[in-house]
Amino acid sequence: MTDRARHPVLIGGLCLLLLVSVLIAGVSFGASGLSVGNALRLLVVSDTSPESALVWEVRLPRGLLSMLVGANLALAGVLIQTLTRNPLASPQTFGINAGASLAIVACLIAFPSLKGAGTVGPAFAGAAVVGLAMWALSVSGVMNELKLALAGVSIQFVLSAFVQAILIANNAAQDIVYWLAGSLSAAQWPKVWLILPFTLIGGGLTLAGARHFGVLALDQTTGLSLGQNAQRTGGAAAILIVMLAGSAVAVCGPIGFIGLLVPHIVRRLAGGDIAVVLVLSAIVGPLLLGTADLFGRIVVFPAEMPVGVVTALVGAPAFLVILYGRRAR
């Protein structure tokens with residue numbers, strides 16, 4: 001195996017080590033003063049102590065949920081950038097997260113008893129409607145990639161304004177408002193079990209179809225010459241984007257910029273091979289989101305900052321840098 005072939009493997013191995021370190025740090029850090037050693041011991045051998053309950057019922061599900069959500073958003077980001085051939089595309093910048101959020105909030109207000117798995121259907125519906133509209137714009141040829149990204153951001157702002165209007169008009173509960181900021185603080189095992197099938201199925205199909213999805217980045221003539229049906233492959237990618245992004249929004253709110261930044265980070269580190277980008281994004285996404293969540297818990301300790309706020313503080317300037325770089329070409 002050549003050095004060039006080992007390069008992505010080394011990067012992936014390093015990212016996995018960092019991911020495990022972030023997970024351990026997340027399980028260990030908190031107001032209780034639990035040490036790293038005790039946290040690791042309790043992960044291996046649980047007991048009936050309050051510290052064991054803290055590790056297994058609060059911190060571990062939060063760490064695992066950050067991994068699943070991070071992987072979903074990162075893979076959805078790779079797919080949407082490939083499908084639209086637009087490096088500025090992501091579930092947030094194309095308004096998909098906002099569409100899912102609007103549908104969930106509207107259903108929560110109309111049906112207050114709705115919870116858990118009941119929010120997944122509205123999330124998929126909202127994400128699908130906005131995603132279909134943005135995909136239609138992307139293939140129409142009437143907008144270049146910069147205008148399309150700005151249109152997506154505009155749609156996001158409009159939908160977010162509708163969400164705020166609904167919340168204000170109905171004097172919505174504070175937990176819904178906090179959820180809209182994108183938060184992992186309410187992570188519990190039911191949320192882990194809720195998103196896990198979508199991550200395994202959606203992520204597995206995405207990785208398995210890497211070779212087919214790579215053809216989407218080529219022009220239609222080239223795709224046909226390689227024996228690929230671009231419409232069928234594009235439709236499969238769109239379904240997976242809705243599944244991955246919609247389930248992430250359903251369990252922890254609209255966390256932005258993971259889907260935008262991770263594909264760019266991975267391509268810079270390991271090149272543009274679609275299979276490599278997808279595999280590494282499934283690792284780097286959880287790493288980035290887990291790090292952001294840990295930072296949000298540390299920076300205002302003993303309170304915490306919603307992880308969606310942290311990713312926005314990092315992602316918004318990065319989006320402007322990417323936008324400026326594309327405009328300069």
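Biologist: Which residues of α3 and α8 meet each other in this model?

Modeller: This is a predicted model, and in it Trp 56, Glu 57, Leu 60, Pro 61, Leu 64, Leu 65, Leu 68, Val 69, Asn 72, Leu 75 and Leu 79 of α3 meet Trp 189, Lys 191, Val 192, Ile 195, Leu 196, Thr 199, Gly 203, Thr 206 and Leu 207 of α8. Sorted by class, that contact has 14 nonpolar, 4 polar and 2 charged residues.

Biologist: Why are α3 and α8 called roughly parallel?

Modeller: Their axes cross at roughly 30 degrees. Angles under 35 degrees count as roughly parallel, and α3 and α8 are therefore given that name. The helices span residues 50–84 and 189–208, and their axes come within 9 Å. As for handedness, α3 passes α8 in a left-handed crossing.

Biologist: Let's look at Thr 199 in α8. What makes Thr 199 count as buried?

Modeller: Its relative accessibility is 11%. Buried means under 20%, so Thr 199 qualifies.

Biologist: And what makes the pairing of the Thr 199 and Asn 72 side chains a polar contact?

Modeller: The distance is 2.8 Å, and the cut-off for a pair of N or O atoms is within 3.5 Å. Beyond its neighbours within four places in sequence, Thr 199 is in contact with Leu 68, Asn 72 and Gly 204.

Biologist: Gly 203 also sits in α8. How do you know whether Gly 203 is buried or exposed?

Modeller: The same kind of check works here. Gly 203 has 5% relative accessibility, and under 20% means buried, so Gly 203 is buried. Setting aside residues up to four places away in sequence, Gly 203 touches Leu 75, Phe 198 and Leu 244.

Biologist: How far is Gly 203 from Leu 269, in sequence and in space?

Modeller: They are 66 residues apart in sequence, and their C-alpha atoms are 21 Å apart in space.

Biologist: Now for another helix pair. Why are α12 and α13 called oblique?

Modeller: Helix α12 (residues 258–270) and helix α13 (residues 274–299) pack at about 125 degrees, with axes 9 Å apart. Roughly perpendicular runs from 65 to 115 degrees and roughly antiparallel starts over 145. The angle of about 125 degrees fits neither range, so α12 and α13 are oblique to each other. Their crossing is right-handed.

Biologist: Which residues make that contact?

Modeller: Among them are Ile 258, Leu 261 and Arg 267 of α12, and Val 276, Ser 281 and Gly 285 of α13. By class, the contact of α12 with α13 has 13 nonpolar, 2 polar and 1 charged residues.

Note on methods
Residues are numbered from 1 along each chain as its sequence is written. This is a predicted model: local features need pLDDT of at least 70, side-chain atom pairs count only at pLDDT 80 or more; totals for chains, interfaces and linings use all residues. Side-chain values use heavy atoms; hydrogens and water are left out. Axes are lines fitted to C-alpha atoms, for helices over the stretch in contact, and angles run from 0 to 180 degrees between N-to-C directions. Helices (H or I, at least four residues) and strands (E, at least two) are DSSP runs, numbered from the N terminus. A crossing is left-handed if the near helix is turned anticlockwise from the far one by less than a right angle, and right-handed if clockwise. Contact means heavy atoms within 4.5 Å. Ala, Val, Leu, Ile, Met, Phe, Trp, Tyr, Cys and Pro count as nonpolar, Asp, Glu, Lys and Arg as charged, and the others, Gly among them, as polar. Buried means under 20% relative accessible area, exposed over 50%, partly exposed in between (1.4 Å probe, protein chains only). A polar contact is a pair of N or O atoms within 3.5 Å; within protein, one must be able to donate a hydrogen and the other to accept it, and residues adjacent in sequence count only if both atoms are side-chain atoms.
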